[in-house]
Amino acid sequence: MSQSLLCGRLAFGARYCVYGMASMLTQSELNRACMGRSKEMGCYSSNAFPDSLRARDSSCRGMKKISLKFTGSPCKFHSNPLFTCFVILSVKLLADALESSKNYERNDSEYLLLSKKLDNLTLQVNRLQDLTSKPFPRVKELNYMNKKRILVTGGAGFVGSHLVDRLMSEGHEVTIVDNFFTGSKKNIEHWIGHENFELIRHDIINPLYVEVDQIYHLASPASPPHYMFNPVKTIKTNTIGTINLLGLARRVGARILVASTSEVYGDPLVHPQNEDYWGHVNPIGPRSCYDEGKRVAEALSYAYAKQEKVEVRVARIFNTYGPRMHINDGRVVSNFIQQALQNNSITIYGSGKQTRSFQYVSDLVDGLILLMNSNYSSPINLGNPEEYTIEEFASVIKEIIGGVSPIVKQSGVQDDPQRRRPDIKRAKLYLGWSPKVPLTLGLKRTIKYFEKELIKENAKDQPV
């Protein structure tokens, strides 16, 4: 066998493997390439290459010309089944070339290079096999009539990822759209590769074109440090982004649930807050980018419902906590837990007499799904009516965690609501919903999650 023929067999495998990622070859091109190989000689015909490859691959004068490189995560290979074929085919071709080279005069350095390339390709195939065989959480099998195509914006975030888990487990096809400003891929990585799951990195202030039956619009930073970081972007997300999602719902005939907030009530003068209360909001304060953004989102929703006949649902979400909360989101639950676990001072801003109500994330997910599938279209409060002062809440967390963290007070925050408690009569009446997870149980689950996250964070800080 001549040196050029051996090079030709190697080039077919190696180059197809490398260019497979960039060219996204069709099945017909793969068939042409395979048919172009001589059955007896094992060489390839230039006619077997797609034009795009011939232009880049006009000659092969020696094995030193071949450069087989693998870059990036194996997850990239997993997303392209055709590329998997290229890798496996390349291993076979390289193995044949290596075996053939034993019977002919060769340069030892070239033989070692060929052997190294074969080992590299074998490793890639093993990684692909590991990826394709990864276990997924259990999901129900739904028939065509019951399976819905569901879009979740902000689906990689705290609440969104828990909602995605529930929808996936029920057997629906779920598409996540997230720009990962506050969301994290680790929240949904256990679904990546599942046939019912799709992830799109996209900012909703730009139009989106997908075919869906339902839309859960959760995309927006929700904690004060995050939404105050870029107030203009927060407003655009809740206005332009909401317009884009309502427009999508109108085009495809989908029902849309818009995640609003208890912040639309501002610093309320009515207690507890029911859905008929118009609120008491500072329109130019530091929190207004979020408060007024959500109020506009509600106004847009009902304008589309009235003018364009879009089916809308609006959930006014009160304080929610649970695993996957951003560890540094600046809200009272994450702040207190993190400080207590590290034996730092538990910091209360203001007098500590201001009140909050806390619902566990699984209760919220129940309410969102019930609201989406109900026939009720007016706003509904989703929250836990159990009310705690911030001082009481700090004491509860300290008691669960233990430790020696002192509770200290600092000056208050501008426009911080003094009382917050939902009236959930409407949710009980029309949805049959009320929160079920007790505060102590929910906090223990959340604390366990934070303990693991802090261990990971501390490990990153250790010198290698």
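# Talking through a predicted protein model

Mentor: This is a predicted model, in which local features need pLDDT of at least 70, side-chain atom pairs count only at pLDDT 80 or more, and totals for chains, interfaces and linings use all residues. The mean pLDDT of the protein chain is 82, and 75% of its residues reach 70 or more, where pLDDT is the predictor's confidence in each residue, from 0 to 100. Residues are numbered from 1 along each chain as its sequence is written, and side-chain values use heavy atoms, with hydrogens and water left out.

Trainee: Okay, and where does pLDDT stay under 50?

Mentor: That is the case over residues 1-79, for which the model has 130 contacts beyond four places in sequence; a contact means heavy atoms within 4.5 Å.

Trainee: How many helices and strands does the chain come to?

Mentor: The protein chain has 15 helices and 13 strands. Helices (H or I, at least four residues) and strands (E, at least two) are DSSP runs, numbered from the N terminus.

Trainee: And what share of the residues count as buried?

Mentor: Of the 464 residues in the protein chain, 49% are buried, and the word has fixed limits: buried means under 20% relative accessible area, exposed means over 50%, and partly exposed lies in between, with a 1.4 Å probe and protein chains only. As for contacts between residues at least 6 apart in sequence, 80% of them join residues at least 24 apart.

Trainee: Which residues touch the most other members in the largest nonpolar core?

Mentor: Those are Tyr216, Phe336, Leu368, Leu382 and Phe393, in a core of 58 residues. Helix 12 (residues 361-372) gives the most to this core, with 7 residues. Apart from it lies another core of 20 residues, including Leu208, Val212, Tyr304 and Val312. A nonpolar core here is a set of buried Ala, Val, Leu, Ile, Met, Phe, Trp, Tyr and Cys residues joined through side-chain atoms within 4.5 Å. In soluble globular proteins, nonpolar side chains tend to be buried together.

Trainee: What does Leu382 touch, then?

Mentor: If residues up to four places away in sequence are not counted, Leu382 touches a list that includes Ala315, Phe318, Leu364, Leu368, Leu431 and Trp433.

Trainee: Switching to helix packing, at what angle do helix 9 and helix 10 pack?

Mentor: Helix 9 (residues 231-252) and helix 10 (residues 288-308) pack at about 15°, with their axes 9 Å apart. That makes helix 9 roughly parallel to helix 10. Axes are lines fitted to C-alpha atoms, for helices over the stretch in contact, and angles run from 0 to 180 degrees between N-to-C directions. Angles under 35 degrees count as roughly parallel, over 145 as roughly antiparallel, 65 to 115 as roughly perpendicular and the rest as oblique.

Trainee: Is the crossing of helix 9 and helix 10 left-handed or right-handed?

Mentor: Helix 9 passes helix 10 in a right-handed crossing. A crossing is left-handed if the near helix is turned anticlockwise from the far one by less than a right angle, and right-handed if clockwise.

Trainee: Thr237 is in helix 9 too, so is Thr237 buried or exposed?

Mentor: Thr237 counts as buried because its relative accessibility is 9%. Leaving aside neighbours within four places in sequence, Thr237 is in contact with Ile204, Ile205, Ala219, Ser220 and Thr242.

Trainee: And how do helix 11 and helix 13 pack?

Mentor: Helix 11 and helix 13 (residues 390-401) pack at an angle of about 40°, with axes 10 Å apart, which makes helix 11 oblique to helix 13. Among the residues in this contact are Phe336 of helix 11 and Phe393 of helix 13. The crossing of helix 11 and helix 13 is right-handed.

Trainee: Anything about the backbone? Which residues does a cis peptide bond join?

Mentor: His271 and Pro272 are joined by a cis peptide bond, with omega about -10°, and Pro272 sits in the loop between strand 5 (255-261) and helix 10. Most residues other than glycine have a negative phi, and most peptide bonds are trans.

Trainee: What is the phi of Arg324, and where is Arg324 placed?

Mentor: Arg324, although not a glycine, has a positive phi of about 80°, and its place is in the loop between strand 7 (320-321) and helix 11 (332-341). Arg324 counts as buried, at 18% relative accessibility. Asn343 also has a positive phi, near 60°, and lies in the loop between helix 11 and strand 8 (346-349), where Asn343 counts as partly exposed at 43% relative accessibility.
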